[in-house]
Amino acid sequence: MNKFDTLNDKQKEAMFCTDGPELILAGAGSGKTKVLTHRTAYLIEEKHVNPWNIMAITFTNKAAAEMRSRVDALVGNGSEEIWVATFHSTCVRILRRFIDRIGYDNHFTIYDADDQKTVMKKIFREKNLDTRVFKERNVLAAISSAKDELIGPEEYKQQASGYGEERTAECYAVYQAELKKNNALDFDDLIVLTVRLFRTCPDVISYYQERFRYIMVDEYQDTNTAQFKLVELLAGKYKNICVVGDDDQSIYKFRGANIGNILHFEDSYPGAKVVKLEQNYRSTANILNAANEVIRNNRGRKDKHLWTSKGDGGKVKIYRYPSAVEEAKGVISEIKNAASGGDYSNFAVLYRTNAQSRLLEEKCVSFGVPYQLVGGVNFYQRKEIKDILAYLKTIANGRDDLAAMRIINVPKRGIGAAGIGRITVYAEANGLSFYDACASAVKMKVLGKSTDKVAKFTEFIENLRKKAKDMPVTDLIDEIMDKTGYREELLEEGEVEAQTRTENIEELKSKAASFENETAEDSGRDEDENGIPAGNADLTVLDRFLEEVALVSDVDRMEDGSGRVTLMTLHAAKGLEFPDVYITGMEDGLFPGNMSIAAADEGELEEERRLCYVGITRAKERLTLTWARQRMVNGETRFSDISRFLKEIPGEYTEEKDFTGDDEAYSSYGRNAEYRRKKEPDAEREYGSALPWENVPASSAPKKEKAKPPKPILFGKEFKVTKADHLEYGKGDRVRHFKFGEGTVLSIVNGSRDFEVTVDFDSHGVKKMFAGFARLEKV
DNA sequence: TCGAGAATTGTTTTT
DNA sequence: CAATTCTCGA
């Protein structure tokens, strides 16, 4: 049987349409990745399209990696020539080559949210803005939405009305100038500047139009206006653009996603072929029906109805708990029983806000359930990691003031605010970057007593700059740790602290190592062959590593098949599936959140409902929805009612259980009867400290007390999650690597963070790698 | 210059 | 209830 025959009729229809614009409306679990990969194979094998001319864009690296590996498996030769990447990494790759055409330096760095905030803070200080009125967060959010709509500072200023917006406009302009001065781009700039590049340089856009003759975009419902334009420009010549998405799964409006992109695709691309995929292959009928019932309450969606040929399966379970603590306990202990010590990777626990993860984490620890937490405090936001990265950035891009200022006194060199102030003044007077000002000020001896201290710093950086060209990043990190005294200072902080921090840095090193291993293979893949000026970026491994690190998302770091329960937000869960899913915190006020309930715009509630739909449709076989009457939020106890979304699921699909020991109250909720279609006035719901004790058994009524509680004793709790306690293979064993093929294990060193395995691969020679990354399998 | 303790904020969701 | 920012004394 031909591989294309494994598709159903609709999927085939989508696959056969190769030329011209196409919109695939792919419901949850309808096999869209399968369609995309087969379509790619079909293009290459049947239509004889050169793989070099095919591009697939996704949102996360994880999705890109999955697409890549599935295409690899399907297509024989040349699949590595296909451009599979995220929006952001696509733009970085393009900008690295050509950004000098629009006045930036090709060695730009990428600013994350923290960096943006630091810049904005500085601007607030300079402009003397009252931080009680203006919040960095809000101004940055406004700027970000402007960028999503391709609105520059000038245009924003023209449109601005009122004091607040005018101020924001000023900040926007200064912010942009500051970034440019630092030769830095924020996430939004990556897209915006690529669009600008295409618009200003006809030779560049026509080169890429010629190259990307066939374009596919995944999760199209999440694209914003800037991304829409980007795709439009790329597809401008051949119009072979195939987008896949599901308007019911659009959950990133807050980030600028424009649902109109998918709803009005046929207007933007007249004559577009539209294919609907409505057969769901993922979930059992009860789960799917529950999802359908919830989402049908939304207006303004493309009409569709998912169906499955699977059996009913178990009913959707709805659990009610007295408190969030009990909820966490109940869910985790049930998972422990269900897994009975075996594989936990079938389980996912989802929640609306990151703050909810803490309790669940605690219970995992106390029940001894292995877990992986996706999101939360990002690895790359930790102090020690940011410090090391700031060193690397200063080595790579001397114009990044933020990085240089971060480390000039880390570890302590006795250069404080006063010294930094003097350098800044000197820098501004001479039009230098912060780092260059350091170097120059040292030569001119204008810093008085701190000259020597600063000199030591610049000498160190200069020295590493020379070496950086041909020194592995791992060694660079070691050198930074040892020569600056960073390691020593870390050790002085206390044992536990030092231990975890060194481990984190070890992990960073292992990432660097595996990165270098991988890129050694495919460097130069997007080298030019058509004679266009190749751009000026002579990128070092260091540049590329920093770029890689800047663009990883939390989901990317998730491992599947790790044998652990996955804890993550509903947002992070999009695109994933698990046999057994728990959604916790199904309470009005939390999910849907108060913000969306109170919002004048009804669309906000609908977005929450889509999020609920996304959550439900992650489950393949079992789904449990839980809620708690009482939970701590921001330090105060909050009482809630069951989520309105649960009331939208008819009782025939569900099975309810109460863990509060308070039966009559529960049965009186009257779920699933008259709620649907009735517009709720929604004013009568109370929670919070207003009248809590009226809702709760007297015994647990909280005491109101003003007296300062005694100082709590804090104890550090340590979670050890990463390193496997043993490996399945040993020295001399034959193993297989997903990329390098088979080889023989030469040695295994038990490193502090992970095992370092050296393997002699049959076709790729000897490589050293960290076990966690290499994912070696014993043959 | 720098740390410890106090005060003050704050919550969606994130590439 | 944190996490972050602020203030003050050495």
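# Two DNA strands and an open sheet

Reader: How do the residues of the surface near DNA strand C divide by class?
Author: One is nonpolar, two are polar and two are charged. This is a predicted model.

Reader: Which residues are around DNA strand C?
Author: Lys-121, Arg-358, Met-632, Asn-634 and Gly-635. Of the atoms of DNA strand C that come within 4 Å of the protein, sugar and phosphate account for 50%.

Reader: What does Lys-121 do there, in terms of distance to a phosphate oxygen?
Author: A polar atom of the Lys-121 side chain is 2.2 Å from a phosphate oxygen of DNA strand C. Arg-358 has a side-chain N or O atom 3.2 Å from a phosphate oxygen of that strand.

Reader: Now DNA strand B. How many residues are around it, and which come nearest?
Author: There are 27, and Phe-59, Lys-135, Arg-255, Arg-352 and Asn-354 come nearest. Sugar and phosphate make up 61% of the DNA strand B atoms that come within 4 Å of the protein.

Reader: And by class, what is on the surface near DNA strand B?
Author: Eight nonpolar, eleven polar and eight charged residues. Helix 19 (residues 417-430) gives the largest share of that surface, three residues.

Reader: Which part of DNA strand B does the side chain of Asn-634 approach?
Author: A base nitrogen, with a polar side-chain atom of Asn-634 3.2 Å away. Asn-634 is also among the residues around DNA strand C. For DNA strand B, a polar side-chain atom of Asn-409 lies 3.1 Å from a phosphate oxygen, and a polar backbone atom of Gly-416 is 3.3 Å from a phosphate oxygen.

Reader: Change of topic: the sheet. What is the order of its six strands?
Author: 3-2-6-7-1-8, in an open sheet with parallel pairing. Strand 3 (83-86) and strand 8 (273-277) are the edge strands, each pairing on one side only. From one strand to the next, the twist averages 15 degrees.

Reader: How many bridges join strand 6 to strand 7?
Author: Three, between residues 214-217 and residues 241-245. Val-217 has Val-243 in strand 7 as its bridge partner.

Reader: Which strands does helix 2 touch?
Author: Helix 2 (residues 32-45) packs on the sheet and touches strands 1, 2, 6, 7 and 8, with its direction at about 175 degrees to that of strand 6. Helix 4 (residues 87-98) also packs on the sheet, touching strands 2, 3 and 6, and its direction makes about 110 degrees with that of strand 3.

Reader: Last one: is helix 11 mostly covered or mostly uncovered?
Author: Mostly covered, with eight of its ten residues buried. Among them are Phe-228, Leu-230 and Val-231. Asn-224 caps the N-terminal end of helix 11, a side-chain oxygen lying 3.1 Å from the backbone nitrogen of Ala-226.

Conventions: Residues numbered from 1 in each chain as written. Chains lettered and ligands numbered in written order. Predicted model: local features only at pLDDT ≥ 70, side-chain atom pairs only at ≥ 80, totals over all residues. Heavy atoms only, no water. Near = heavy atom within 4 Å. Polar contact = N/O pair within 3.5 Å; in protein donor to acceptor, adjacent residues only side chain to side chain. Nonpolar A, V, L, I, M, F, W, Y, C, P; charged D, E, K, R; others polar. Pairing = 2+ DSSP bridges. Helix = DSSP H or I, 4+ residues; strand = E, 2+ residues; numbered from the N terminus. Axes fitted to C-alpha atoms, helices over the stretch in contact; angles between N-to-C directions. Contact = heavy atoms within 4.5 Å. Buried < 20%, exposed > 50% of the residue type's maximum accessible area, 1.4 Å probe, protein only.
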